[in-house]
Every structure is written in C-alpha cells, then in structure tokens.
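Work through the exercises below with the sequence and the structure at hand. Each task is followed by a solution in steps.

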Amino acid sequence: MRSRYFTALAVAALLGSGMLVFAKPPAGSGSITGKVTYTGTPPKMKPIDMSKEPSCAKQHATPVLTENVATGPGSALQWVVVYISAGDQGSTAPSQAVRYDQKGCQYLPHVLPMQVNQGLQIYNDDQTSHNIHPLSKVNAEWNKSQPPGSPPIDTKYDKPEFIPVKCNIHPWMHGYFIVLNTSHYAVSGEDGSFDIKGLPPGKYTVTAWQEQYPAQSQEVTISGSEAKTANFVFKVLPY
Amino acid sequence: MTLKKLAVTFALGSMALVTVGASSMFAQSHVNSPDPSLGAPSVASEESHIGNVTGHAEEGKRLYRRFCIGCHGPDGNGQGMNAQWIDPKPRDFTEATFKCRSTPTGTLPTDDDLYNAITRGFVTTNMPSWAPLTPQQRADLVAFVKTWSPRWTKGKPGAPLNIPPETPITIESILHGRELFQKLECWKCHGPEGHGDGPSAITLTDDKGNPIRPYDFSSGSRFMCGTSNQDLYRIFMTGLDGSPMPSFADVVKPAEAWDLVHFLRTLQPLKTPEADLWMTYKAAHGSDLKPIGPDAAPGGK
C-alpha cells in the first residue's frame with residue numbers, strides 16, 4: 001500500500017517536471033532578420049519651429065524634423081516595430097525598466113517598445129515644463145505635468161497597446177509607447193534593418209507596425225538555430 | 001348636462017390625453033434609439049452609492065433615454081443626434097475617462113464625483129445642471145453611466161485626493177502662487193493674465209483630436225468642476241483626464257497648491273479676499289513685478 005503510494009508520487013513528480021519542460025522551452029537560438037523599406041514617394045518631413053520654446057530651440061543647431069515617416073538611404077524606413085504577434089511569446093517582462101526621455105522638446109526614442117507590466121521611466125531633461133500625455137484607449141489614460149528637475153515618472157502598462165504620446169504644452173512633440181505581450185521584438189534602425197534573436201524552433205507570425213501605414217504580417221517557420229530573413233515593404237504616399 | 005354625463009366626458013377626455021402622451025413618448029424613444037437594448041451590457045447588476053441613496057442602473061437606463069440620449073447617444077459614445085452641433089463634444093462613456101474627479105489621473109472617478117458632475121453641470125459646455133432631478137434619479141443615472149465601460153467591473157475608483165485645510169490668504173501666499181503659475185508654465189495655455197490665450201492655447205486638442213479651449217479665468221466665477229477653493233485645488237491636482245490639462249499632484253506640495261489657488265483667484269473678475277489683497281499690493285508694488293511670460297521663463301533668455 002505504502003510503496004504503491006510512493007510510486008504514484010514519483011510518477012506524478014516525473015510528469016510534473018516533464019510538463020514544466022514543455023511549458024517553458026529554453027530560449028532558442030533562431031533569429032529573424034530583415035530590412036524595412038518603402039515604395040512610392042514618402043511625405044516630406046517638416047522642420048519643427050521651436051521658437052516658442054527658446055530653451056529647446058537653442059539645443060538644435062539645425063531644426064529637428066518630424067518623424068512620422070522617417071526614411072534613410074536605400075529607401076529604408078525607420079521606427080518600424082517588428083514583433084512576433086503569434087508563436088512563442090518568449091519571457092515575461094524583465095525587471096529592467098525602459099527609459100523615455102524628453103530632451104530638446106523631443107521624445108527620445110521616438111518609438112519605445114516595451115513589454116506588458118515592464119517598468120517605464122519617463123525623464124524630463126529639459127529646462128522647461130512638459131506634460132506627458134499618453135493617449136491610451138485600452139489602458140487607463142493619464143496626463144501628468146513634469147516641471148524641470150522633477151523626479152522621473154515611474155509607471156507601466158498592463159495591457160498590450162500602441163499608444164500615441166503627446167505634450168500639450170509643446171504640440172509638436174509626438175511619440176509612441178508600444179506595449180507588447182512578446183519579448184521578441186525589434187525596431188528598425190536608420191538603415192531599416194532589424195534583428196529578432198533568441199527564437200526557439202516553431203511557427204511564427206511576424207508583424208511590422210508603422211505609425212502611419214497599415215501593419216503587415218508574414219509567416220516564418222524556424223527549425224533549429226537557423227537565421228531566417230523577412231523583409232517588409234511599406235507603400236507610402238507623399239501626403 | 002347632468003353631473004353624471006360630465007363625469008363620463010371628463011374620464012374619456014383624460015384617457016385620450018394619456019394615450020396621446022404615451023404614443024408621443026414611444027415615438028420619441030423610437031427616433032432616438034432604434035435598438036431597444038440600448039447597447040449597454042450588464043445593466044441590471046450595476047449600482048451606485050451616494051450617501052445612503054442606492055442608484056440602480058435599470059432605472060437609470062429609463063432616465064438616460066429620456067434626458068441624456070440626445071447628446072450622449074444610444075451607444076453612450078457621445079454621438080447622439082445633437083452631438084454634431086455641440087462643442088466641446090459630449091462625453092464618451094465607453095472610454096470611462098472623466099474630467100471632474102477627486103481621484104488621481106488615470107483612475108476611475110468615485111460615484112460621488114459622477115453624481116456631483118450631473119448635479120452641477122459643466123460651465124462653458126452644453127451640459128446643464130440636472131439638479132431638478134431627484135437625488136434618487138441622479139444616483140440611478142450614475143449607476144447606468146457605469147454600465148458603458150468594462151473598466152467599471154474590472155477596476156475600482158482611485159483613492160480620493162486628500163485636501164489639507166486651507167492655508168491663510170496672505171500676500172506672500174499669492175506671490176508664491178504667482179511664481180508657481182510662471183514656473184509650472186500654466187501661462188503657456190491659460191495665458192499670462194489667465195485669459196486662456198497662452199502661446200499653446202490655439203494648438204490644444206482633447207484626446208479625440210477635437211479643438212479645446214483652456215479655461216479663461218476672466219470668464220466668471222465657476223470652473224469646470226465647481227466653484228470653491230477646494231474645487232480649484234482638486235482640478236489642478238487631479239487634472240482633467242481626456243483633456244490637455246495634466247495632473248500636478250506629483251510636482252506641487254499641498255501647501256504650495258493652496259498658494260496657487262490663492263493666486264488663481266486674483267485672475268477672476270470677482271471681489272474675493274484674494275483679489276482685494278492683490279489689488280492693494282499691485283497699486284503699491286505693481287512696477288516691481290516681473291511680467292509673467294516667456295521672458296521670465298526659467299529656461300528662456
């Protein structure tokens with residue numbers, strides 16, 4: 001009787017550990033790299049007139065340009081968030097918070113990806129007051145003043161969402177918080193390239209999000225530790 | 001005509017009147033709401049608690065149909081038939097974002113906040129005071145308004161702001177408040193004289209992208225969310241969610257907040273203790289005061 005009881009326990013423990021392995025596969029070594037480009041004529045990015053805020057204007061030798069369709073050489077498209085929308089979602093939010101800066105009356109970076117429940121620290125590095133106003137719809141909307149020298153605002157978002165961010169005092173300031181479920185994401189650089197690493201074998205839907213144009217998706221299957229390529233082309237319009 | 005005949009005529013007449021009344025009511029609700037379900041989920045279960053009055057959403061739904069639907073719409077999204085003529089736009093209850101709260105920015109308001117908003121109405125908007133409705137009716141409406149967003153079932157209202165007792169009204173307090181008005185850059189939107197004509201005023205939009213004006217302190221005695229010094233304190237500490245007005249709760253200490261209240265009172269065309277003190281001070285020292293605006297901005301030159 002007793003030995004049977006122990007056998008049952010041992011079997012249960014084995015099963016349990018087996019399930020654990022299934023539920024949490026080790027971080028893979030596959031990757032998806034690629035380049036985001038555009039076809040068509042992109043809208044001309046406009047120089048921002050910061051003369052109403054001299055403390056910011058003097059930080060920029062040449063006027064800053066708007067960034068809603070930021071392009072680079074070779075038809076590269078910058079600030080595109082490429083992420084795994086279906087497939088292995090990786091790990092939960094790291095304890096390291098992401099940092100968002102208000103500097104020279106600009107948001108740095110323009111597009112900030114983060115994970116659900118990951119810490120977000122917002123700094124005001126300027127000599128002027130900003131009000132930081134993320135226009136969330138799924139998450140609770142808030143709006144806080146942050147005068148110069150204030151401590152960073154510590155916050156986080158608990159639902160995935162693409163959130164436009166604005167400062168009502170300086171209406172040209174415009175950025176995005178990208179709150180994702182997955183830990184597999186990247187933002188395209190000035191050359192349009194991105195690199196999503198650490199993917200275990202499996203089937204994936206890779207989605208590319210740009211603030212002005214419709215998002216695109218591709219199916220990618222990774223077996224072993226291979227490096228797959230996925231390129232995205234956005235059709236842009238000059239207006 | 002006998003007395004009996006008279007009574008019959010009267011009875012018939014009043015029946016006819018009732019019928020006409022009822023059919024016109026039906027006609028109205030049909031025009032306003034083609035969908036009798038009225039969009040809102042879980043109507044029966046939602047309640048509100050205002051003092052010892054308990055509001056019921058089921059009752060509130062009937063009242064909403066009668067009084068609110070024209071502007072706030074059959075789907076509670078602020079797109080009623082009248083909305084196109086209204087500026088600022090009626091509140092979209094499906095977002096559960098409210099301007100007048102006693103709770104921190106980004107949190108739900110309390111039942112009392114909603115009740116007070118319905119009772120008070122919003123000055124400079126099309127939302128009138130609904131004080132003519134009974135307290136029970138207003139409580140019922142609060143309960144129904146909470147059925148439009150799932151945020152009410154998933155979350156709770158924030159903790160109401162603790163407002164410490166008001167500090168004495170002194171010229172030092174007013175002057176410090178004036179410094180804050182400059183330093184916090186209230187003037188960027190509200191203007192150096194509080195006329196709502198600051199450099200950023202013209203660019204302001206609400207969270208739906210509709211143009212919105214900052215408050216003009218010279219326009220009268222009432223604010224968006226009340227009339228008292230406590231109301232004024234609460235407005236800038238909690239912010240008006242969904243509008244460009246941010247919360248200053250993290251950056252203004254309670255005592256400083258009262259200083260700002262005292263200064264803001266001097267911007268109004270009212271005979272208040274603050275205004276009296278300020279006029280006397282300005283008459284004597286007006287030329288020493290640095291004007292509010294970009295020249296005095298900490299980062300400006």
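**Exercise 1.** State which residue follows α9(B) and give its phi.

Solution. In this predicted model, α9(B) is followed by G239(B). The phi of G239(B) is positive, near 75°.

**Exercise 2.** Decide whether helix α9 of chain B is enclosed or not, and name what covers its buried residues.

Solution. Step one: apply the cut-off, by which a residue is buried if 20 or more other C-beta atoms lie within 10 Å of its own. Step two: list the residues of α9(B) that are buried, namely L232(B), Y233(B), R234(B), I235(B), F236(B), M237(B) and T238(B). Step three: the helix spans residues 229-238, and seven of its ten residues are buried, so α9(B) is largely enclosed by the rest of the structure. Step four: the cover over these buried residues includes α10 (254-266) of chain B.

**Exercise 3.** Describe the open sheet of chain A that contains β5 and β8.

Solution. Step one: the strand order is β6-β5-β8-β11, four strands with mixed pairing. Step two: β6 (106-108) and β11 (153-155) of chain A each pair on one side only, which makes them the edge strands. Step three: on average, neighbouring strands are turned by 20° against each other, direction ignored. Step four: β5 (residues 98-103) and β8 (residues 120-124) of chain A pair in the parallel sense, over five bridges. Within β8(A), N124(A) is the bridge partner of Q102(A).

**Exercise 4.** How many residues of chain B are in contact with chain A, and how do they divide by type?

Solution. Step one: 29 residues of chain B are in contact with 23 residues of chain A. Step two: the chain B side divides into ten nonpolar, eleven polar and eight charged residues.

Methods:
Residues are numbered from 1 along each chain as its sequence is written. Chains are lettered from A and ligands numbered from 1 in the order in which they are written. This is a predicted model: local features need pLDDT of at least 70, side-chain atom pairs count only at pLDDT 80 or more; totals for chains, interfaces and linings use all residues. Two residues are in contact if their C-beta atoms, placed from the backbone, lie within 7 Å. Ala, Val, Leu, Ile, Met, Phe, Trp, Tyr, Cys and Pro count as nonpolar, Asp, Glu, Lys and Arg as charged, and the others, Gly among them, as polar. A residue is buried if 20 or more other C-beta atoms lie within 10 Å of its own, exposed if 12 or fewer, and partly exposed in between; C-beta atoms are placed from the backbone. Helices (H or I, at least four residues) and strands (E, at least two) are DSSP runs, numbered from the N terminus. Two strands pair if DSSP finds at least two bridges between them. Axes are lines fitted to C-alpha atoms, for helices over the stretch in contact, and angles run from 0 to 180 degrees between N-to-C directions.
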